[in-house]
Amino acid sequence: MLELLHYAFIRNALVAGSMVAVVCGAVGFFIIARGLTFAAHALPSIGFSGAAGAVLVGVEPVYGLFAFTIMAALGMGLVGEKARERDTAIAIIMALALGLGFLFLSLYSGYAERVYAILFGSILGISAESVRVTLVAGCLSLALVLVMARPLLFSTADRQTAEARAVPVRFLSLAFLALVAVAISLSIELMGSLLVFTLIVGPPATAARLVKGPFVTVVLSSALGLVYVLVGIWIAALSQSLPVSFVVSALAFLVYMPVRLAAHPRSLREEIHTCTHC
Amino acid sequence: MHSLLGSDIFRNAFVIGSLAALCSSLVGYFLVLRAQAFAAEALTDVSFAGATGAALAGLDPLWGMLGLTALAALALGTLSEKARGRDVEIGMILSAAMGLGLLFLSLYSHHSASHATAGVNVLFGSILSVQTSEIRRVLVCAFVTIVVLSIVSRPLLFSTIDPVVARARGLPTTMLSVTFVMIAASATAIAVLSVGALLAVSLLVAPAAAAICFSRNPVRAILLSALFGLIVVWGGLFISFLGPWRHPPVGFSISTLAAMMFLVARVSTARRRAKVPSSQAHPTLEMRGE
């Protein structure tokens, strides 16, 4: 069991995975509270087409990933706030981006495995270089979350009052979406663009049903994410055939189900609202 | 050119594509009105798990998709009508299904050498490899979908517009909602067969969303949505088969055309919608209190 640690790629995956789990757990809490779940699902798919495009023109996929997710996040922030219209627009933009990614994939005559790794994620490919990038960008993201946390909670819980108190609501909303884009881009290498979403929604959804108060919820959410990822990498490495992303999504679902069934049948948003108020 | 249009491949693709366009644009009208775009996306990912699971077990992908999406539809249909909190539950179902799909796919690709093609076909559609034997099953499935939808369409519209009054009048709103998601599930399965799990949502949502921009009358909007759906699929097939440039994949042509159609509809009706208070842009919006 511990001899797995002798492999450099496992150590890399564990370090990078821990960082992204903590960041996603923290960011995910705000995503749920702000009703951005669908956006968080769409962003990595859009990132996939950026990465496929980057591979096609011969650039490192990470750059395409960052460029497309950040642009899409800012676009979503500008589209507006009404849930119904936003959901429709997100669905169509997401399919458009995936179609584009498919076109890039079909034009690319080289080694397609590289593009598949972006879709499905892998513990094999994480280099020491990308561990460093993940650690630096992850720490910066966490610092940003800490700085933004109070005004963000305020504007989430009561937008009108926050605006009246001169909190820059619009700017916060855009800055937060950009932060989400960074968190997602960091996690794609490990989790794959199809399942990054699990790390963002699973832990905070479970945490919000277990404890009250935003700070405790964020901490528990990050801790849950950390456990999922570490156990996921360990099981995936032992089995040698299971994808990490599958193990993490299965864990997230299996922990969430009993909590959800046992919890008071109050809507989750209400719970989050009460806990953002205190 | 004529030989291509006369070939079995094109004929099968044309039939499946048209059926997928009809079913998903009809169902899509209600999906968009009920603000269930995210649920539709979840259904496509459940279909992905169903299709890969069926492939692993050696069954027909259509049955795998129908079985698993029907299960998911039971869960999705009983979720509350309110959008708040619903999206988190949908998200959990979606990510569990996607994980299962990836597991099946990775197990399946251990058997066969062609990992890449198996993945691409389910994710991005394999309309060009549809077998003639599959057409009959899809026809039956599409027929049932459209018939059941037309039976429940009136009460469904009522309970979509005003769930509270509908419930007070004794309509079984929860059962309607479960029935509707079941119908949506079979439309999704057909759409996934033609354009793939990742792109199916564009067929389900875009034509209907464009139609709703143009007409407030439900009957007119539904017919318009079906027309838009057919235009998108036929146009996509045409571009991919006869297009001047390197024959882009069908899924790409269809999802791009669908997005263009939505964009054109939004932009060309923007001024009209700006005049009307946004809550009255469609009769149902004002009553849902959004």
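**Exercise 1. An aromatic pair in chain B**

Task: Is B:Trp234 buried, partly exposed or exposed? Then classify the ring pair that B:Trp234 forms with B:Phe14.

Solution: In this predicted model, B:Trp234 has a relative accessible area of 38%. Buried means under 20% and exposed means over 50%, so B:Trp234 is partly exposed. The partner ring, B:Phe14, has a relative accessibility of 33% and also counts as partly exposed. Next, take the geometry of the pair: the centres of B:Phe14 and B:Trp234 are 5.6 Å apart, with 10 degrees between the planes. Planes under 30 degrees apart count as stacked, and the pair of B:Phe14 and B:Trp234 is therefore stacked. Last, place the two residues: B:Phe14 is in helix H2 (residues 8–33) of chain B and B:Trp234 is in helix H11 (residues 218–242) of chain B. They are 220 residues apart, and the pair links distant parts of the chain.

**Exercise 2. An aromatic pair in chain A**

Task: How many aromatic pairs does the whole structure hold over all chains? Why is the pair of A:Phe30 and A:Phe176 edge-to-face?

Solution: The search finds eight aromatic pairs over all chains. For A:Phe30 and A:Phe176, the ring centres are 6.0 Å apart and the planes stand at 65 degrees. An angle over 60 degrees counts as edge-to-face, so this name applies to A:Phe30 and A:Phe176. A:Phe30 belongs to helix H1 (residues 8–33) of chain A, and A:Phe176 belongs to helix H8 (residues 169–191) of chain A, 146 residues apart. Now check accessibility: A:Phe30 is at 4% and A:Phe176 is at 1%. A:Phe30 is buried, and A:Phe176 is buried. A:Phe29 joins A:Phe30 and A:Phe176 in one aromatic cluster.

**Exercise 3. Chain A as a whole**

Task: How many helices and how many strands does chain A have? What share of its residues counts as buried?

Solution: Chain A has twelve helices and zero strands. Of its 278 residues, 58% count as buried. Then turn to contacts with a separation of 6 or more: in chain A, 78% of these are between residues 24 or more positions apart. Chain A exposes about 11,100 Å², and carbon and sulfur atoms supply 71% of that area.

**Exercise 4. Salt bridges between the chains**

Task: Which residues are joined with B:Glu89 into one salt-bridge network? Describe the interface that the network belongs to.

Solution: Start with the interface. The size of an interface is often given as the accessible area lost when the parts come together. Chain A and chain B bury about 4,500 Å² between them, 75% of it on carbon and sulfur atoms. In terms of residues, 51 of chain A are in contact with 54 of chain B.

The count of salt bridges between chain A and chain B is two. B:Glu89 forms a salt bridge with A:Arg209, with the closest N and O atoms 3.1 Å apart. B:Glu89 lies in helix H5 (residues 86–111) of chain B and A:Arg209 in helix H9 (residues 196–210) of chain A, so this pair joins two chains. Both B:Glu89 and A:Arg209 are buried.

B:Glu89 also meets A:Arg260 in a salt bridge, at 2.8 Å from N to O. A:Arg260 is in helix H11 (residues 244–262) of chain A, so this pair joins two chains as well. B:Glu89 has a relative accessible area of 10%, whereas A:Arg260, at 25%, counts as partly exposed.

**Exercise 5. A salt bridge within chain B**

Task: Where in chain B do B:Arg137 and B:Asp60 lie? Are they buried or partly exposed?

Solution: The closest N and O atoms of B:Arg137 and B:Asp60 are 3.1 Å apart. A salt bridge needs such atoms within 4 Å, so the pair qualifies. B:Arg137 is in helix H7 of chain B, and B:Asp60 is in the loop between helix H3 (37–57) and helix H4 (61–78), 77 residues apart. B:Arg137 is partly exposed at 26%, whereas B:Asp60 is buried at 15%. To complete Exercise 4, shared partners join A:Arg209, A:Arg260 and B:Glu89 into one network.

Terms used
Residues numbered from 1 in each chain as written. Chains lettered and ligands numbered in written order. Predicted model: local features only at pLDDT ≥ 70, side-chain atom pairs only at ≥ 80, totals over all residues. Heavy atoms only, no water. Phe/Tyr/Trp six-rings, centres within 6.5 Å; stacked < 30°, edge-to-face > 60°. Helix = DSSP H or I, 4+ residues; strand = E, 2+ residues; numbered from the N terminus. Buried < 20%, exposed > 50% of the residue type's maximum accessible area, 1.4 Å probe, protein only. Contact = heavy atoms within 4.5 Å. Areas by Shrake-Rupley, 256 points an atom, 1.4 Å probe, with all protein chains shown as cover. Buried area = accessible area lost by both parts, 1.4 Å probe. Salt bridge = Lys/Arg side-chain N within 4 Å of Asp/Glu carboxyl O.
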